[in-house]
Amino acid sequence: MAWRGQLSRNLKELRILFSPNSPSSSSTRTFIENNYKDLKTKNPKLPILIREATGIEPQLWARYDLGVERGIRLSGLSEEQISKALEDLAKGGAAVKG
């Protein structure tokens, strides 16, 4: 899990969108409850935006250098799969820089 401390090196912004009461967003809500504090503690200057909107499909968006953005739909993913998706987005930022 060392990648968690490296998020701010590869990302300029992280956005998590989800519905506050939709069943499809339940694992995303759990991920935020269990991981936000750790992610923010390890990356205090990285903007981590949490956006709730009724009826929206859960999504994870990463913004890199030069305005490049990549997003992943989180519907049907478990908390562990969401963590893996975030790790993949963070590692993808190194390729955008390089």
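Where in α2 is the kink centred? In this predicted model, the answer is Asn 35, where α2 bends by about 50 degrees. The helix itself covers residues 26–42, with Asn 35 inside that stretch. Even with the kink, the length of α2 works out: its 17 residues, taken at 1.5 Å each, should span 24 Å, and the C-alpha atoms at its two ends sit 25 Å apart, which agrees.

Asn 35 is worth a closer look. Its relative accessibility is 9%, so Asn 35 falls under the 20% cut-off and counts as buried. The side chain of Asn 35 has a polar partner, too: a contact of 3.2 Å links it to the side chain of Glu 79. Once residues up to four places away in sequence are set aside, Asn 35 touches Arg 4 and Glu 79. Asn 35 also has company among the buried residues of α2, which include Phe 31, Ile 32 and Leu 39. Polar names turn up on that list as well, among them Ser 27, Thr 28 and Arg 29.

Now for the sheet. Four strands make up an open sheet with mixed pairing, and they line up in the order β2-β1-β3-β4. The edges are β2 (48–52) and β4, each of which pairs on one side only. Ignoring direction, neighbouring strands are turned against each other by 15 degrees on average. The kinked helix α2 packs on this sheet, where it touches β1 and β2, and its direction makes about 160 degrees with that of β1.

In general, the strands of a sheet pair through backbone hydrogen bonds, in either a parallel or an antiparallel sense. Here, β1 (residues 13–18) and β3 run antiparallel and are joined by five bridges. Two of the facing pairs show how the register falls: Ile 16 stands opposite Leu 60 in β3, while Leu 17 stands opposite Gln 59. On to the next pair of strands: β3 (residues 59–63) and β4 (residues 69–73) are also antiparallel, again over five bridges. Here Arg 63 faces Glu 69 of β4, and Ala 62 has Arg 70 as its bridge partner.

Glu 69 comes up again in the surroundings of Arg 15, a residue of strand β1. The side chains of Arg 15 and Glu 69 make a polar contact at 3.1 Å. Beyond its neighbours within four places in sequence, Arg 15 is in contact with Leu 49, Gln 59, Leu 60, Trp 61 and Glu 69. Is Arg 15 buried or exposed? With a relative accessibility of 18%, which is under 20%, Arg 15 counts as buried.

The hairpin of β3 and β4 has five residues between its strands. Leu 66 is in this loop, and its backbone has a quirk: phi is positive, at about 60 degrees, although Leu 66 is not a glycine. What about its surroundings? Leu 66 has a relative accessible area of 82%, so it is over the 50% cut-off and counts as exposed. As for distance, the C-alpha atoms of Leu 66 and Lys 84 are 24 Å apart in space, with 18 residues separating the two in sequence.

A second loop residue makes a handy contrast. Ser 22 lies in the loop between β1 and α2, and at 18% relative accessibility it counts as buried, because the cut-off is 20%. Along the chain, Ser 22 and Ala 53 are 31 residues apart, yet 9.9 Å separates their C-alpha atoms. Taken together, the two loops give one exposed residue, Leu 66, and one buried residue, Ser 22.

Terms used: Residues are numbered from 1 along each chain as its sequence is written. This is a predicted model: local features need pLDDT of at least 70, side-chain atom pairs count only at pLDDT 80 or more; totals for chains, interfaces and linings use all residues. Side-chain values use heavy atoms; hydrogens and water are left out. Buried means under 20% relative accessible area, exposed over 50%, partly exposed in between (1.4 Å probe, protein chains only). A polar contact is a pair of N or O atoms within 3.5 Å; within protein, one must be able to donate a hydrogen and the other to accept it, and residues adjacent in sequence count only if both atoms are side-chain atoms. Contact means heavy atoms within 4.5 Å. Two strands pair if DSSP finds at least two bridges between them. The expected span of a helix is 1.5 Å times one less than its number of residues. The bend at a residue is the angle between axes fitted to the seven residues ending there and the seven starting there. Axes are lines fitted to C-alpha atoms, for helices over the stretch in contact, and angles run from 0 to 180 degrees between N-to-C directions.
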